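Please read the points below alongside the sequence and the coordinates. They are notes on selected positions and on one helix packing.

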Amino acid sequence: DAHHLDTVRSLRSQTDMVTDQHTLGICLIMLGCLMSAAGMLFMKQSSVAYEHTLKPWQRWRFGIGLLLLVVNAAAVDVVVYGIVPLSIIAPFAGMTIVFTTLLSAAGVITERQLPSRRGAAGTLLVVAGLACVSSFGPRGDGRAASDPSLSPAALSLVCAALSFGSAWLALRCGSAFESRIWRRGSAATTLCTALASACFGMATNVAMKRVSALASECVADRSLGPAREADALALAALLVLPVAAPLQLWLLNSALAEARTAFAVPAYQSALIGLNLAAAGLLFGEYDGADARDLSFFGGGVLCAAAGLATLVAASLIPHRRLAAATTTLAAAA
């Protein structure tokens with residue numbers, strides 16, 4: 001009986017620890033989303049204010065935005081990725097859109113932009129979906145992230161993401177980009193730029209999760225498991241981070257500079273959520289052994305958040321269509 005009571009107390013203590021870590025992780029995710037939203041709005045305002053014509057030390061808006069994004073990635077994300085499953089982190093990227101909408105409506109950083117009814121409905125859908133995700137998503141076991149799986153499907157996902165991101169980056173930097181293939185600022189260009197940024201973002205998140213696990217293991221002074229494989233994964237993560245993270249920010253800044261925030265941000269976050277959810281299942285196996293009921297509610301929450309993102313994108317496209325129609329009408333009358 002005493003042994004049974006000790007076992008029950010130990011399991012209850014572990015459950016409480018996991019719950020506390022989960023709550024702390026959710027709070028840090030919310031803080032990170034707020035910092036990301038403010039950082040992207042500052043970068044957007046930098047392009048509106050034509051700061052690219054100024055000297056680097058005079059571009060204070062861009063500097064604040066970059067600082068917020070870097071601090072979020074270097075401090076907040078390191079803790080979050082070590083204690084929260086990637087499948088939980090991924091849908092919460094939608095909160096960045098919610099914070100962006102609220103900050104834009106308040107006119108704190110950029111010119112005030114009130115959301116339409118459709119935009120408000122999309123925001124509510126995102127919040128409702130994320131509530132289901134945080135309540136029914138995988139909790140993990142309270143330990144650091146496990147090593148990514150090296151299955152063919154996982155390698156295919158990573159290679160496809162990096163290939164598309166690199167190809168689009170090379171296309172954008174090519175001399176024939178503007179005149180022959182794409183037009184800067186168009187919806188297609190913005191979508192591809194946002195997707196390429198999300199591809200590098202997924203690689204950054206996977207590498208960050210591995211680095212967070214490595215840091216936790218070093219602090220706890222635990223063995224890294226199979227030395228050769230673990231060292232190779234850690235080395236790959238440390239090599240990917242300084243390359244993928246700057247490319248992610250550069251492409252995201254390009255998308256923000258060329259399109260409306262209400263369109264560029266949802267497009268980027270939607271792609272990032274999808275890629276991170278795929279990485280959570282294929283690389284980390286976070287859905288293995290999950291309860292069918294919880295998994296169904298989790299999937300419903302993801303779909304609800306995705307519907308909210310789609311609604312926000314549709315709401316942001318309406319002004320563009322009206323402006324294009326008005327321009328066509330004026331040109332025909334002239």
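1. Trp168 lies in helix H6, which covers residues 152–173. The model is a predicted one. With a relative accessible area of 5%, Trp168 is buried, because the cut-off for that class is under 20%. Thr193 is 25 residues away from Trp168 in sequence, while the C-alpha atoms of the two are 7.3 Å apart in space.

2. Ala161 is also placed in helix H6. The relative accessible area of Ala161 is 4%, so this residue counts as buried. Outside its neighbours within four places in sequence, Ala161 is in contact with Cys199 and Met202. Ser197 lies 36 residues from Ala161 in sequence, with a C-alpha to C-alpha distance of 9.8 Å.

3. On the overall make-up: the protein has 11 helices and 0 strands. Read from the N terminus, the order of elements is α-α-α-α-α-α-α-α-α-α-α. Of the 334 residues in the protein, 44% are buried. Among contacts with a separation of 6 or more, 82% are between residues 24 or more positions apart.

4. Helix H4 takes in residues 94–106, 13 residues in total. At 1.5 Å a residue the expected span is 18 Å, and the end C-alpha atoms are 19 Å apart, so the two values agree. Just after H4, Gly107 has a positive phi of about 70°.

5. Is H4 mostly covered or mostly uncovered? H4 is mostly covered, with 11 of its 13 residues buried. Those buried residues are Gly94, Met95, Thr96, Ile97, Val98, Phe99, Thr100, Thr101, Leu103, Ser104 and Ala105.

6. H4 packs against helix H5, residues 117–136: the two axes come within 10 Å and cross at roughly 145°. The crossing is left-handed. On the H4 side the contact is made by Gly94, Met95, Val98 and Thr101, and on the H5 side by Thr123, Val126, Val127 and Leu130. As background to such spacings, an α-helix has 3.6 residues a turn, so residues three or four places apart point the same way. Gly94, Met95, Val98 and Thr101 of H4 are also listed among its buried residues.

7. Ser36 is part of helix H1, which runs over residues 2–48. Ser36 is at 11% relative accessibility and therefore counts as buried. Not counting residues up to four places away in sequence, Ser36 touches Leu69, Asn72 and Thr96. Of these partners, Thr96 is one of the buried residues of H4.

8. Glu111 sits in the loop between H4 and H5. Is Glu111 buried or exposed? Glu111 is exposed, because its relative accessible area of 66% is over the 50% cut-off. Neighbours within four places in sequence left aside, Glu111 is in contact with Gln45 and Ser104. The sequence separation of Glu111 and Gln45 is 66 residues, and their C-alpha atoms are 8.5 Å apart. The other partner, Ser104, is listed with the buried residues of H4.

9. Two remarks on aromatic rings. The structure holds 0 aromatic pairs. There is, however, a charge placed over a ring: the charged end of Arg59 sits over the ring of Phe62, at 4.8 Å from the ring centre.

Conventions
Residues are numbered from 1 along each chain as its sequence is written. This is a predicted model: local features need pLDDT of at least 70, side-chain atom pairs count only at pLDDT 80 or more; totals for chains, interfaces and linings use all residues. Side-chain values use heavy atoms; hydrogens and water are left out. Helices (H or I, at least four residues) and strands (E, at least two) are DSSP runs, numbered from the N terminus. The expected span of a helix is 1.5 Å times one less than its number of residues. Buried means under 20% relative accessible area, exposed over 50%, partly exposed in between (1.4 Å probe, protein chains only). Contact means heavy atoms within 4.5 Å. Rings of Phe, Tyr and Trp (its six-membered ring) pair if their centres lie within 6.5 Å; planes under 30 degrees apart count as stacked, over 60 as edge-to-face and the rest as tilted. A charge sits over a ring if NZ of Lys or CZ of Arg is within 6 Å of the ring centre and within 35 degrees of the ring normal. Axes are lines fitted to C-alpha atoms, for helices over the stretch in contact, and angles run from 0 to 180 degrees between N-to-C directions. A crossing is left-handed if the near helix is turned anticlockwise from the far one by less than a right angle, and right-handed if clockwise.
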